[in-house]
Amino acid sequence: MQIEQLLALKDNYVYLIHDEVTGETAVIDPSESKPVFDVLERKGWRLTQILNTHHHWDHVGGNLELKEKTGATVSGFLGDKARIPGIDSTISEGDIWKIGSLEAKVFEIPGHTTGHIAFYFEKNRSLFCGDTLFTLGCGRLFEGTPEQMWKSLARLRELPPETKVYCGHEYTALQTKFCLAFEPKNQELIKRTEKVLADTEKGIPTVPSTMEEELKTNPFLRPQSPEIRESLGLQKASDEDVFRELRLRKDQFH
């Protein structure tokens, strides 16, 4: 399994998944088509499938042109059939999506949108989670509820620590200030912030991270942290209530 990570628009990530056995290639969340065509031409790869984690324009914008010029089929969430351009086949919770010899489990993880899904390649320990989980963050609640988002994040939190987290945007450096505001004594977070800022300055991608890194430093996966709870004044609240307050604070954070 080869993964090509492309930067598109301003800060979107588009991912090409290539099966070295069959030569088939899929693209996940093509916000635009040109960067995808450029890599396909350079690598000599054949695009056969297009996957979307959710319906937002900056994740589906390249669907129609890619489909028209390559004949690739488009797959997306069953409940978003009317909102995903060019959709050919629908997938939902528990389905196994395949390309050549590669397989991914489909998770329904609503919150950012009501129809958000993720692709988890268990054998390769690779998670493509769109805009639900970000490095040092999580997606805004445009359509879903805090309850839905926390349930989705709690599910992803259970994946093996070595799982690579491939999210939809390069937001890591932007998240560091917020994270440190609520957990300023977290040594792992301090160390990670230094590296993230240095890498960003050099133009080095901070994605993918690992689930282990996120569990140690991402406040949205850490509602059990005594320091975060103290910062929020929610020492005795449920994990879900701590998450809800963190998400609200993030929406208001400048």
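These are my notebook entries on the pockets, the cavity, the strands and the aromatic contacts of a predicted model.

**Entry 1, largest pocket**

I began with the open spaces, and for the largest pocket I noted a volume of about 450 Å³. There are 20 residues in the lining of this pocket, and those closest to its centre are R140, Y171, L174, Q175 and K250. I then asked which elements give two or more residues to this lining, and found α5 (172-182) and α9 (239-252). Helix α5 gives the most, with 4 residues. Sorted by class, the lining of the largest pocket comes to 7 nonpolar, 6 polar and 7 charged residues.

**Entry 2, second largest pocket**

The second largest pocket has a volume of about 210 Å³. I counted 15 residues in its lining, with L7, Y13, E170, T200 and I204 as the closest to the centre. Here β1 (2-8) and α5 each supply at least two residues of the lining, and I recall that α5 also gives the most to the lining of the largest pocket. By class, I recorded 8 nonpolar, 4 polar and 3 charged residues around the second largest pocket.

L7 and Y13, both listed among the residues closest to the centre of the second largest pocket, turned up again when I looked at the strands, since Y13 in β2 is the bridge partner of L7. Strands β1 and β2 run antiparallel and are joined by 7 bridges. Their hairpin has 3 residues between the strands, and in it L9 takes a positive phi near 50°.

**Entry 3, the cavity**

My next search, over the whole structure, was for enclosed space, and it finds 1 cavity of 30 Å³ or more. About 40 Å³ of space lies in this largest cavity. Its lining consists of Y13, Y15, I28, D29, T53, F128, C129, G130, Y166, C167 and G168. The elements that give two or more residues to the lining are β2 (12-18), β10 (126-130) and β13 (164-167), and of the elements β10 gives the most, with 3 residues. By class, I have 7 nonpolar, 3 polar and 1 charged residues in the lining of the cavity.

**Entry 4, the sheet**

Because β10 and β13 had come up at the cavity, I followed them into a sheet. This sheet is open and is formed by 6 strands in the order β7-β8-β9-β10-β13-β14, with mixed pairing. Its edge strands are β7 (96-99) and β14 (209-210), each of which pairs on one side only. At the β7 edge, 4 bridges join that strand to β8 (residues 102-108), and the two run antiparallel. One detail I kept from this pair is that I99 has L102 in β8 as its bridge partner.

**Entry 5, aromatic contacts**

I looked up how many aromatic pairs the structure holds, and the total is 14. The pair I examined in detail is that of F178 and F182, which is tilted, with 4.9 Å centre to centre and 50° between the planes. Both residues lie in helix α5, 4 residues apart, about one turn of the helix.

Are F178 and F182 buried or exposed? F178 has a relative accessibility of 1%, so it counts as buried. F182 is buried as well, because its relative accessible area of 8% falls under the 20% cut-off.

I also noted one aromatic cluster, formed by Y13, Y15, W97, F119, F121, F128 and Y166. Y13, Y15, F128 and Y166 are familiar from the cavity, where they are among the lining residues.

**Entry 6, charges over rings**

K250, one of the residues closest to the centre of the largest pocket, has its charged end over the ring of F178, 5.8 Å from the ring centre. In a second contact of this kind, R155 lies over the face of F107, at 4.2 Å from the centre of the ring.

**Entry 7, a loop residue**

My last look was at Q235, which lies in the loop between α8 (226-232) and α9. With a relative accessibility of 48%, Q235 counts as partly exposed, because the cut-off for exposed is over 50%. Q235 and Q224 are 11 residues apart along the chain, and their C-alpha atoms are separated by 9.2 Å.

Key: Residues are numbered from 1 along each chain as its sequence is written. This is a predicted model: local features need pLDDT of at least 70, side-chain atom pairs count only at pLDDT 80 or more; totals for chains, interfaces and linings use all residues. Side-chain values use heavy atoms; hydrogens and water are left out. On a 1 Å grid over the protein atoms alone, a cavity is a set of points where a 1.4 Å probe fits but cannot get out, and a pocket is an open set with protein on both sides within 12 Å along at least five of seven lines; lining residues have an atom within 4 Å of a point. Grid points are joined across faces, edges and corners, and a volume is the space filled by probe spheres set on the points. Ala, Val, Leu, Ile, Met, Phe, Trp, Tyr, Cys and Pro count as nonpolar, Asp, Glu, Lys and Arg as charged, and the others, Gly among them, as polar. Two strands pair if DSSP finds at least two bridges between them. Rings of Phe, Tyr and Trp (its six-membered ring) pair if their centres lie within 6.5 Å; planes under 30 degrees apart count as stacked, over 60 as edge-to-face and the rest as tilted. Buried means under 20% relative accessible area, exposed over 50%, partly exposed in between (1.4 Å probe, protein chains only). A charge sits over a ring if NZ of Lys or CZ of Arg is within 6 Å of the ring centre and within 35 degrees of the ring normal.
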